[in-house]
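Visitor: Could you take me through one part of this model up close? I'd like to hear about the salt bridges, and what sits around them.

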Amino acid sequence: MRLFLDTANIEQIRHGVRLGVVSGITTNPSIISREGKVDYQSLVKEICSIVPGPVSTEVLSQDAQGMIAEAREIAKWAENITVKIPASLDGIEATSVLAKENIKVNLTLCFSLNQAILGATAGATFVSPFVGRLDDIGEDGMKVVADIAQYLCYYQLPTQVIAASIRHPQHCLAAARAGAHIATVPYKVLLQMIQHPLTDIGIKRFTEDWEKVMGAKSIDPGKL
Ligand code: E4P
């Protein structure tokens with residue numbers, strides 16, 4: 001399972017890329033707004049220059065023609081742009097047109113297998129079921145991810161499922177077990193994924209044992 005970061009914050013993105021584990025970015029209008037009153041195009045172009053993989057950027061129009069016009073413009077901003085289109089009827093119409101023009105679409109605000117089936121059939125590159133938001137209303141968000149992953153695999157379709165609206169590390173585990181191609185995670189969750197108290201205790205103990213006998217906290221690479 002690949003990892004994308006669900007943020008538009010440049011520092012967080014730079015750190016994720018430096019770690020070597022972030023291969024794409026997802027944004028939405030709320031995520032962009034968190035960065036203040038920014039120049040949308042400049043911010044997205046900067047993100048695209050930092051990240052090696054797909055950067056999802058959402059349209060704001062709600063009618064098919066408006067979405068298509070916006071997506072065509074956004075797609076010119078960088079090679080690695082993916083346009084986020086909502087899983088509405090107009091969104092499916094827009095996805096069909098854009099896919100034929102080889103513009104990559106991430107079908108967003110996806111909450112059911114039926115929406116994903118329509119998105120994949122229309123030619124979306126990615127479909128993004130929102131796990132946390134489904135859990136919030138008492139549904140099983142990860143079951144939708146698993147159903148979509150199984151459907152795409154069974155019919156050998158090229159569309160990839162992105163487990164989105166991830167809220168905590170347990171969601172990452174469940175997404176991997178459900179067969180998601182990608183999980184897009186908030187920066188906070190990315191940092192939580194590495195945490196384990198036994199790792200911290202182990203590092204401390206190794207250092208103390210070494211220091212007791214060798215009299216130094218670390219190895220001098222020059223003396224190896
Ligand atoms: C995914 O592409 C969305 O940007 C995101 O995961 C939404 O998550 P939220 O439900 O935490 O807003």
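Guide: Here's a walk through the salt bridges, with a stop at the core and the ligand afterwards. Keep in mind that this is a predicted model.

The count of salt bridges comes to seven, and I'll pick out a few. Start with Glu46 and Arg14, whose closest N and O atoms are 3.6 Å apart. This pair links distant parts of the chain, since Glu46 belongs to helix H3 (residues 40-50) while Arg14 belongs to helix H1 (residues 10-19), 32 residues away. As for exposure, Glu46 has a relative accessible area of 34%, so it falls in the partly exposed class. Arg14 is partly exposed too, at 37%.

Next up is Arg72 with Glu101, where the closest N and O atoms are 2.5 Å apart. Arg72 is in helix H4 (residues 64-74) and Glu101 is in the loop between helix H5 (89-100) and strand S5 (105-110), so this bridge ties together parts 29 residues apart in sequence. Arg72 comes out at 37% relative accessibility, which means partly exposed, and Glu101 is partly exposed at 33%.

Now for a local one: Lys143 pairs with Asp147, with 3.0 Å between the closest N and O atoms. Both residues are in helix H8, and because they are four residues apart, about one helical turn separates them. Lys143 counts as partly exposed at 45% relative accessibility, and so does Asp147 at 23%.

Helix H8 also leads us inward. The largest nonpolar core has 59 residues, and Ile47 and Val185 touch the most other members. Helix H8 (residues 141-154) gives the most to this core, with seven residues. Setting aside residues up to four places away in sequence, Ile47 touches Ala8, Ile10, Ile13, Ile25 and Val55.

Just past that helix, Leu157 sits in the loop between H8 and strand S7 (160-163). Leu157 has a relative accessible area of 31%, so it is partly exposed. Its contacts, leaving out residues up to four places away in sequence, are Ala120, Tyr151 and Leu152.

Last stop, the ligand. The residues around it include Thr26, Asn28, Lys84, Phe130 and Arg133. A polar side-chain atom of Asp6 lies 2.7 Å from a ligand oxygen atom, and a backbone N or O atom of Ser165 is also 2.7 Å from an oxygen atom of the ligand. For Arg167, a polar side-chain atom lies 3.2 Å from a ligand oxygen atom. On its own the ligand has 350 Å² of accessible area, and the protein covers 87% of that.

Key: Residues are numbered from 1 along each chain as its sequence is written. This is a predicted model: local features need pLDDT of at least 70, side-chain atom pairs count only at pLDDT 80 or more; totals for chains, interfaces and linings use all residues. Side-chain values use heavy atoms; hydrogens and water are left out. A nonpolar core is a set of buried Ala, Val, Leu, Ile, Met, Phe, Trp, Tyr and Cys residues joined through side-chain atoms within 4.5 Å. Buried means under 20% relative accessible area, exposed over 50%, partly exposed in between (1.4 Å probe, protein chains only). Helices (H or I, at least four residues) and strands (E, at least two) are DSSP runs, numbered from the N terminus. Contact means heavy atoms within 4.5 Å. A residue is near a molecule or strand if one of its heavy atoms lies within 4 Å of it. A polar contact is a pair of N or O atoms within 3.5 Å; within protein, one must be able to donate a hydrogen and the other to accept it, and residues adjacent in sequence count only if both atoms are side-chain atoms. Accessible areas come from the Shrake-Rupley method with a 1.4 Å probe; for residues, only the protein chains shown count as cover. A salt bridge is a side-chain nitrogen of Lys or Arg within 4 Å of a carboxyl oxygen of Asp or Glu.
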